[in-house]
Structure formats: C-alpha cells, structure tokens
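Hi,

Here is the structure I promised to pass on. Have a look at it first, and my notes follow underneath.

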Amino acid sequence: MPSFKHTVKHALLSLSLLSISAAALAAGAPIKAVTDATFPPMEFTENQKMTGFDIELTEAIAHKLGRSVQWTNVDFKGLIPSLTAGRADIAVSAIYITPERQKVVNFTKPYMAGGLVTLVKEGNNTIKSADDLKGKKVSVQTGTKSVEWLHTHIPEAQTVEVEKNQQMFNLVSIGRVDAAVTGKPAAFQYARTRGGVKVLPGSLTSEEYGIAVRKDETSLVADINNALDQLKADGTYKQLVDKWFPVSAK
C-alpha cells in the first residue's frame with residue numbers, strides 16, 4: 001500500500017503535468033480574431049475568403065507564434081464588445097488606438113499610421129476642406145472614429161450613418177450624400193479601383209492603427225509586439241505594405 005508521502009508526491013506530479021499540458025495547449029491554440037471584412041485593402045472578402053493587409057499581417061504574426069487564426073466576421077460596432085464579452089481574443093480591423101477604447105481593451109504597439117480623409121465625387125468643387133462639410137450630407141460607418149470626429153468638429157454636417165463600409169462609399173457614388181469621411185487606406189482603394197470619386201488633399205486627423213486585445217490577455221500583447229518586431233526585421237512587413245499599398249495610395 002503506497003505511503004501518504006508517496007500519494008501526495010504522485011498527486012503533485014500529476015497536477016504539474018496537467019498544468020504543463022494546459023499551458024502547452026494554450027500556446028498552440030488558435031487565436032480567436034474578429035474583423036469587419038468590408039474595408040479594402042485592410043480587410044475584405046474575395047472569392048468567399050477573407051484577405052487584405054490586416055488579414056495577412058495577423059496570419060504572419062500567428063505563424064511567428066506557432067498558432068493559427070480563427071476568424072469571425074462581425075460589424076465594426078461589434079468588434080470591441082466581442083472582446084469584452086470574451087468571445088474573441090483580438091480584434092483586427094483598421095482600429096484606431098483611442099483613449100476611450102483603451103479603457104476597455106488593451107492595444108498592441110501601433111502597426112500603421114492612418115487618419116481620416118474626405119471622399120467626394122469627381123467634379124465636386126464645392127467641398128475643398130473640412131469647413132465645406134458644414135450643412136452637407138456626409139456618410140459615415142456606425143461605430144467608427146468618423147462619427148465622433150464629425151459630431152465634435154463639424155456638428156453642422158448632416159451625418160448619414162450606415163452599417164457597412166461599402167454602403168458609405170456607394171452613397172457618394174450615386175449622389176445620395178455629398179461626401180464620406182473614412183480612413184485613408186480604404187478611401188484611396190475605392191477611388192483607385194472604382195473611379196468617379198476623389199480623395200481631398202490632406203488628412204482630417206493623424207492617428208494610428210493597433211490590434212485590440214482582450215484585457216485579460218496581457219501576455220498576448222507582448223507576444224504580438226515581439227512578432228511584429230520580427231516581421232519588420234525580416235522584411236515580411238515591408239512586403240505586405242508594398243503589396244497592399246501602391247505608392248500612389250500612400
């Protein structure tokens with residue numbers, strides 16, 4: 001019959017092995033990520049598959065960490081709630097790092113500079129600056145920085161909020177609104193690929209994109225930051241930038 005001392009030793013060893021196994025499993029477990037894949041070239045769906053700069057960058061980060069990514073497509077306004085509710089580990093969707101968001105989620109180091117710009121139809125010469133948006137109909141995507149910026153800086157603008165990024169651009173193209181205020185990458189992408197619209201010179205804001213991480217995933221922030229450093233050092237980051245952002249769009 002085993003002694004009490006032997007039994008305790010065996011139990012402690014079993015718990016130690018279980019702990020190691022759990023840690024190893026967590027290290028290789030898929031990263032649960034949410035995105036709003038309607039914002040080319042950052043994230044969008046093509047041939048029923050998510051693609052774009054954010055998607056490929058996140059996949060490259062996960063590869064460095066020896067993990068895979070489990071993507072879920074949600075509306076932009078649902079990205080942060082997905083993290084706070086514990087349904088996802090990270091949110092990657094051209095998300096600006098803001099003090100308000102930092103209250104409820106953590107952010108990695110910035111991975112790209114962004115900024116809001118104004119998009120209008122070709123031939124529209126009545127809107128040349130932010131002041132010209134006063135009294136005009138301006139489309140914005142619900143839950144984005146654009147909404148807050150317009151309400152704060154151009155309260156006289158008539159904001160038209162839509163759920164999807166594509167709807168926001170379409171309203172400009174068909175003349176239902178006078179302009180759209182959105183992130184620089186998507187605005188240039190739409191103008192370049194669809195035509196009939198133009199991006200006004202200069203940015204309305206100067207901000208940075210970060211990967212939002214659930215508050216209780218503190219070690220994941222450090223892991224992602226380290227992976228980002230590696231991707232920049234080995235040239236992978238530059239390859240992705242060159243692929244998704246032609247010189248004319250920068």
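In this predicted model, the helix pair to pull up is α2 (residues 53-64) and α8 (residues 218-233): their axes come within 9 Å and cross at roughly 105°. That crossing makes α2 roughly perpendicular to α8, because angles of 65 to 115 degrees count that way.

Which residues in α2 and α8 meet? From α2 there are L57, A60, I61 and K64, and from α8 there are I224, A227, L228, Q230 and L231. Sorted by class, the contact of α2 with α8 has seven nonpolar residues, plus one polar and one charged.

Now for the empty space. How many cavities of 30 Å³ or more does the structure hold? The count is one, and the volume of the largest cavity is about 180 Å³. Its lining is made up of 19 residues, and the ones closest to the cavity's centre are F39, F76, A94, Q141 and T144.

As for where the lining comes from, β2 (38-39), α5 (145-153) and β12 (179-183) each supply at least two residues. β12 has the largest share, with three residues. The mix of classes around the largest cavity is eight nonpolar, seven polar and four charged residues.

If you want a place to start, colour α2 and α8 and look at where L57, A60, I61 and K64 meet the other helix. After that, try the lining of the largest cavity, including F39 and F76, which are among the residues closest to its centre.

Cheers

Conventions. Residues numbered from 1 in each chain as written. Predicted model: local features only at pLDDT ≥ 70, side-chain atom pairs only at ≥ 80, totals over all residues. Heavy atoms only, no water. Axes fitted to C-alpha atoms, helices over the stretch in contact; angles between N-to-C directions. Helix = DSSP H or I, 4+ residues; strand = E, 2+ residues; numbered from the N terminus. Parallel < 35°, antiparallel > 145°, perpendicular 65-115°, else oblique. Contact = heavy atoms within 4.5 Å. Nonpolar A, V, L, I, M, F, W, Y, C, P; charged D, E, K, R; others polar. 1 Å grid on protein atoms, 1.4 Å probe; cavity = no way out; pocket = protein on both sides within 12 Å on 5 of 7 lines; lining within 4 Å. Points joined across faces, edges and corners; volume = space filled by probe spheres on them.
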